[in-house]
Amino acid sequence: MQEQYRTVAREGVHETEINRSRFICALAPAATEQEAQAFVARIRKEHPTATHNCFAYVIGADAAVQKASDDGEPGGTAGVPMLQMLMRREVRYAAAVVTRYYGGVKLGAGGLIRAYGGVVGEALDALGTLTRQRFRLATVIVDHQRAGKLENDLRATGRDVREVRYAEAVTIEIGLPDADIDAFSAWLADATAGAAGLELGGEAYGDA
């Protein structure tokens, strides 16, 4: 798994005009290819009279899924430069749709490549990106007596406390970078006089 990746901070739209053509870039985070496709379909529905609705999306921290469409523009002049911009900025789990309303002036292949790639770059600058860091899900099991103080200590030391459940024992789910596991185990044993258990779970990504 990748240690970290970047994604779009939020869904949004950025518009620019080039030689009387309107280029409207809609960007959104997308957790799956289905989400990306649904976003593309929604934007197309919002702009039924547009000359073109070109798209690109990248899914997977390792960019396993990459798709692009020129939607009627000359081959390789729209979707590919959009995809290249996402890849160059190391953006993952994201979809971009650039809607073009033709203004009567032809841009030529080079102009189109610059326009489509450029508006995606501008949209990323305008909306911002987030870095997501790989971590290990871990569950701390502790008795009720120590739970309150331990939870406070975890939060005070900047640990990513994700969920706290009270049953016979208290389970506190946290996110841990792999490199911190040994040090955290030692800290936990020290903080609870060896009374707390630690179970390691799967891997996930969270805000860095």
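Biologist: In this predicted model, is Cys54 buried or exposed?

Modeller: A residue counts as buried when its relative accessible area is under 20%. Cys54 has a relative accessible area of 0%, so Cys54 is buried.

Biologist: Why is Cys54 in no disulfide?

Modeller: A disulfide requires a pair of cysteine sulfur atoms within 2.5 Å. The closest cysteine sulfur to that of Cys54 belongs to Cys25, and the separation is too far for a bond. Cys25 is itself buried, with a relative accessible area of 0%. The distance that rules out the bond is 11 Å.

Biologist: How many disulfides does the structure hold?

Modeller: Cys25 is in no disulfide, its nearest cysteine sulfur being that of Cys54. For the structure, the number of disulfides is zero.

Biologist: At what angle do the axes of helix H2 and helix H3 cross?

Modeller: Helix H2 covers residues 79–88 and helix H3 covers residues 108–127. Their axes come within 8 Å, and H2 passes H3 in a right-handed crossing. The crossing angle is roughly 35°.

Biologist: How many charged residues does the contact of H2 with H3 have?

Modeller: H2 contributes Pro81, Met82, Met85 and Leu86. From H3 come Ile113, Tyr116, Gly117, Val120, Gly121 and Leu124. By class, eight of the contact residues are nonpolar and two are polar, and the number of charged residues is zero.

Biologist: How far apart do the C-alpha centres of domain 1 and domain 2 lie?

Modeller: The domain assignment places domain 1 at 4–127 and domain 2 at 132–207. Between the C-alpha centres of these two domains, the distance is 40 Å.

Technical notes:
Residues are numbered from 1 along each chain as its sequence is written. This is a predicted model: local features need pLDDT of at least 70, side-chain atom pairs count only at pLDDT 80 or more; totals for chains, interfaces and linings use all residues. Side-chain values use heavy atoms; hydrogens and water are left out. Domain bounds come from an automatic or database domain assignment. Axes are lines fitted to C-alpha atoms, for helices over the stretch in contact, and angles run from 0 to 180 degrees between N-to-C directions. Helices (H or I, at least four residues) and strands (E, at least two) are DSSP runs, numbered from the N terminus. A crossing is left-handed if the near helix is turned anticlockwise from the far one by less than a right angle, and right-handed if clockwise. Contact means heavy atoms within 4.5 Å. Ala, Val, Leu, Ile, Met, Phe, Trp, Tyr, Cys and Pro count as nonpolar, Asp, Glu, Lys and Arg as charged, and the others, Gly among them, as polar. Buried means under 20% relative accessible area, exposed over 50%, partly exposed in between (1.4 Å probe, protein chains only).
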